Amino acid sequence: MSLTVAFAALFAGVVVWAILARKLSAKPWERSVAADLEAGGTAAGTPPAKVGLWAFLGVITSLFGLFITAYWMRMEHAHGGQADWNPIAVPRQLWVNTALLILSSAAMQWARSGANHARADRVRTGLIAGGLFAWVFLAGQLLAWHQLSASGFIASNPAVAFFYLLTGVHGLHLLGGLFVWGKTVVAMARPGVELVDLRLSVELCTVYWHYLLLVWLVLFTVLLST
């Protein structure tokens with residue numbers, strides 16, 4: 001896969017994410033439990049918001065699966081005689097970024113636990129910490145891009161293109177999660193808002209954070225192994 005094809009795939013990923021986010025953002029992460037029940041859910045059943053989120057995660061999984069498969073196929077093709085693939089040295093910043101995303105996911109879990117135990121202080125602390133760690137992670141990813149650029153690897157190297165592709169698409173999905181996170185934080189700050197009305201939003205945001213952490217660990221392992 002050439003540099004042009006790789007960035008075409010990145011563009012396609014952005015388009016897919018934008019379409020799905022537009023359709024799902026109004027339902028999976030912003031509606032209260034009461035709203036879900038009115039929409040056809042039941043207290044004993046699964047809220048439609050959860051179904052929507054899991055469907056969304058299924059699409060994202062397929063997207064990343066295709067990217068990783070293309071990565072391995074392109075690398076194996078290079079081993080078969082294509083001389084334009086040169087393995088890159090993974091920027092050390094990625095280790096720090098991985099730790100930041102783990103902390104972000106742990107903080108979101110803390111918020112989820114607080115919501116389940118009606119502890120508004122824990123929810124507030126966990127949400128803010130989780131979001132801040134995520135923003136620092138994204139800043140660290142940009143720093144890793146700068147480190148790779150400064151290391152002398154040329155952009156026409158397919159390995160470099162795939163590095164930008166995999167980390168870039170993951171970062172875009174995290175940005176989407178931060179958009180919803182921001183709306184949840186703002187909603188919690190409003191006077192008179194009951195914690196029970198935010199429990200579902202906190203839970204789904206946490207699931208999404210854990211999922212993106214898992215995806216990142218897989219991507220990081222792939223980049224390290226090659």
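**Exercise 1.** Decide whether Thr98 in this predicted model is buried or exposed, and describe its surroundings.

*Solution.* Begin with the relative accessible area, which for Thr98 is 9%. Since buried means under 20%, Thr98 counts as buried. Next, place the residue: Thr98 belongs to helix 4, which covers 93-116. Then follow its side chain, which reaches the backbone oxygen of Leu94 at 2.8 Å. Finally, set aside the neighbours within four places in sequence, and the residues in contact with Thr98 are Trp216, Leu217 and Phe220.

**Exercise 2.** Test whether the span of helix 5 agrees with its 31 residues, and examine what lies on either side of this helix.

*Solution.* The expected span is 1.5 Å times one less than the number of residues, so the 31 residues of helix 5 should span 45 Å. The end C-alpha atoms of helix 5 are 45 Å apart, which agrees. Turning to the loop between helix 4 (93-116) and helix 5 (120-150), one finds Ala118, whose phi is near 55 degrees, a positive value in a residue other than glycine. Ala118 has a relative accessible area of 59%, and because exposed means over 50%, Ala118 is exposed. Just after helix 5, Gly152 also has a positive phi, of about 100 degrees.

**Exercise 3.** Classify Val185 by its relative accessibility, and relate its position to that of Arg124.

*Solution.* Val185 lies in helix 6, residues 158-189. Its relative accessibility is 25%, so Val185 counts as partly exposed. In sequence, Val185 and Arg124 are 61 residues apart, whereas in space their C-alpha atoms are 7.6 Å apart.

Key. Residues numbered from 1 in each chain as written. Predicted model: local features only at pLDDT ≥ 70, side-chain atom pairs only at ≥ 80, totals over all residues. Heavy atoms only, no water. Helix = DSSP H or I, 4+ residues; strand = E, 2+ residues; numbered from the N terminus. Buried < 20%, exposed > 50% of the residue type's maximum accessible area, 1.4 Å probe, protein only. Polar contact = N/O pair within 3.5 Å; in protein donor to acceptor, adjacent residues only side chain to side chain. Contact = heavy atoms within 4.5 Å.
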